[in-house]
Amino acid sequence: MVGYFVSVTIFTALYALFSLGLNLQWGLTGLINFGHVAFMTIGAYVTVLLNIQGVPVIVAVAIGTVVAATLGLIIGTSTLRLREDYLAIVTIGVAELLRLIANNEQWPSPDGPIEGSFGLKDYLIPLADWDPNLWQKLIAIALLTIIAVFAMWQLWRGLKSQWKENQQIQDKSYRPRKPISLIIWGAIGTTLIVAIYINGTLALYDYYYRAGLMVLVLLVLALVYWGLEILVRSPWGRIIKAIREDEEIPRVLGKNVFWYKLQAFMLGGAIAGIAGAFYAWYLTTVYPSNFESIVTFYAWTIIILGGAGSNAGTLVGALIFSAYNEITRNLFVGGASLDALRIMIMGLIVMILMIWRPQGILGKKEELTLGK
Amino acid sequence: MTQNQQQNLLLSASGLHKRFGGITAVNNAQIDLHRGSITGLIGPNGAGKTTLFNLLSNFITPDRGEVIFDGKAINQLQSHHIAQKGMVRTFQVARVLSRLSVLENMLLAPQKQTGENFFQVWLGRKQIRKEEVENKEKAMLILESVGLAAKARDYAGALSGGQRKLLEMARVLMADPKLILLDEPAAGVNPTLIGQICEHITNWNKQGISFLIIEHNMDVIMSLCDRVWVLAEGSNLANGTPEEIQNNPEVLEAYLGVD
Ligand SMILES: Nc1ncnc2c1ncn2[C@@H]1O[C@H](COP(=O)(O)OP(=O)(O)OP(=O)(O)O)[C@@H](O)[C@H]1O
Ligand SMILES: [Mg+2]
């Protein structure tokens, strides 16, 4: 059971990471990217292929991330100056193209070249063969504790700022979130953090082979989240949000709109690239079919569920997505047709949400009623 | 023109030309503007005034023509570079960043903010905090002067049409420009407020900012401007002091509708 939850945690965290990249591009900058999985494909394949060739895993991930960002640079420079729908079309095309290349190319493996469709295996998965002694376990648990404390701090900070906003509703045209819902959110958030923490500690103590990977992905997720929160609140973040609202305004105010779009696009791509490496380690064997367009739409679902533009909302969306995924996986045991049904039901849930709460779970309702 | 006069020109555009398909929106137009002046630009609907603004700020690339701002040719520059050089514009239909607060709208404008650079966001956090405090103070002062201070923390998208005009003007001011191009600042604004806007413009002008104003409200033009340029069907019709323009028979016929 502990092992199962470790796997679910890794899956959730890597999807959260992946979606944070898209949230930066779409939720914050307004760039429509329908081929986000392309960055994940690049991140996964570059990391794995380099690692199979004997490149140390850290270096391989770093290169994978840089290559993903470079893909963002290439797509961005060619399309970001054009009308925004061009980006949507080009990204979707690039994602499919990369998957087809991954499928049809022959890739090196320890037993000589193999067909892409057979998948890549026998690459190193970080910390899978680790046999930690007591001290090392304690250090890993300490690291997990720091991450949990950080998560609690972020939760607390978010709730506090909402609370404060509630105190000053004068002169505002909208009503902030009610105190009772803040308490509920606090309770849910705390429970989840504590549950993941306890499960993680157990897995580390009685070392489960994926526990190290879990700490790693949580660490990266925490760092990326923190970095994004700093960026969003900085003048840099103000410019990208301004671009999302109306790019002519930052332009008349002397901001190089194209350059900021490119930065956001590349950074979002790099984050998805790292998520791709974790995806490969999570899967243990990567097949081109793991990188179909549906993966991009999972990320869109996550962002829309959570509330576009909100990093915290993206995390909530990823949790819900992952919970849905696990529950239905265990309920609907059966063939491919049931798999399709799961996706259909997910679409239905998103549709219902759009009607009931169009702003997403953590989105701000008042933003929907604003005039352009 | 003597050397001295030339140096006194903040903006000088000549031979500007722009066709949209079969329409010549701006036809060989010229405009000169002195440092520290408030210059008016008038003309009938569809005369090409807004298009001329677009050409000056390079939002639309002219077919031909030359624009010299502050002694340098700027036709080849991208619009954000032109803004950085100190020429900023507003839009005929006010544009605001709806889902950002009024204050954030203001804070977007200052030039060369340390925190606009991705790496400085991490390296220069102290400097950024200092600048933010300064910019916030300045923004609140300006918002105070246009009567939007109470709205500072509300969404800009929740402002009324007239308030948006005010916010747009206030925001442009935050950019510390040398020249502000205003496209119909008084349109849709109530008469008392128009009076206040005019006062603000005069005040800001005294602080050294030059203005080029498109406006259909003749009282505004006549009370504010040192010099008025008239455009009709894309070409220059006349230019002169407000009195000269008011008494120019051609202008009266083409624009003021008196014969
Ligand atoms: N982007 C465009 N594409 C095609 N035609 C345009 C474009 N912009 C303006 N025009 C045309 O150019 C002419 C001048 O338009 P412009 O907006 O400059 O007029 P204006 O003097 O600002 O008028 P108003 O006082 O009504 O604002 C009009 O005939 C208009 O139809
Ligand atoms: Mg106009």
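I will talk through the confidence of this model, then its magnesium site, and then its cysteines.

What we have here is a predicted model, and its overall scores are an ipTM of 0.91 and a pTM of 0.92. For chain B the mean pLDDT is 90, with 96% of the residues reaching 70 or more. Within that chain, confidence is highest in helix 4, at 96, and lowest in helix 1, residues 3–8, where the mean is 67. As a general caution, where pLDDT is low, the predicted coordinates should not be read in detail.

Let me turn to the magnesium ion, ligand 2, whose protein donors are OG1 of B:Thr50 and OE1 of B:Gln92, at 1.9 to 2.2 Å from the ion. B:Thr50 sits in helix 2 of chain B, residues 49–56, while B:Gln92 belongs to the loop between strand 6 and helix 4 of that chain, so the two donors tie together parts that are 42 residues apart in sequence. As for accessibility, B:Thr50 is partly exposed, at a relative accessible area of 25%, and B:Gln92 is also partly exposed, at 35%.

That brings me to the cysteines, and to how many disulfides the structure holds over all chains. The count is zero. If we take B:Cys198, the closest cysteine sulfur is that of B:Cys225, and the separation of 9.1 Å is too far for a bond, given that a disulfide calls for sulfur atoms within 2.5 Å. Both residues are nevertheless buried, B:Cys198 with a relative accessible area of 12% and B:Cys225 with one of 7%.

Methods
Residues numbered from 1 in each chain as written. Chains lettered and ligands numbered in written order. Predicted model: local features only at pLDDT ≥ 70, side-chain atom pairs only at ≥ 80, totals over all residues. Heavy atoms only, no water. Donors = N, O, S within 2.8 Å, 3.2 Å for Na, K, Ca; no water. Helix = DSSP H or I, 4+ residues; strand = E, 2+ residues; numbered from the N terminus. Buried < 20%, exposed > 50% of the residue type's maximum accessible area, 1.4 Å probe, protein only. pLDDT = per-residue confidence, 0-100.
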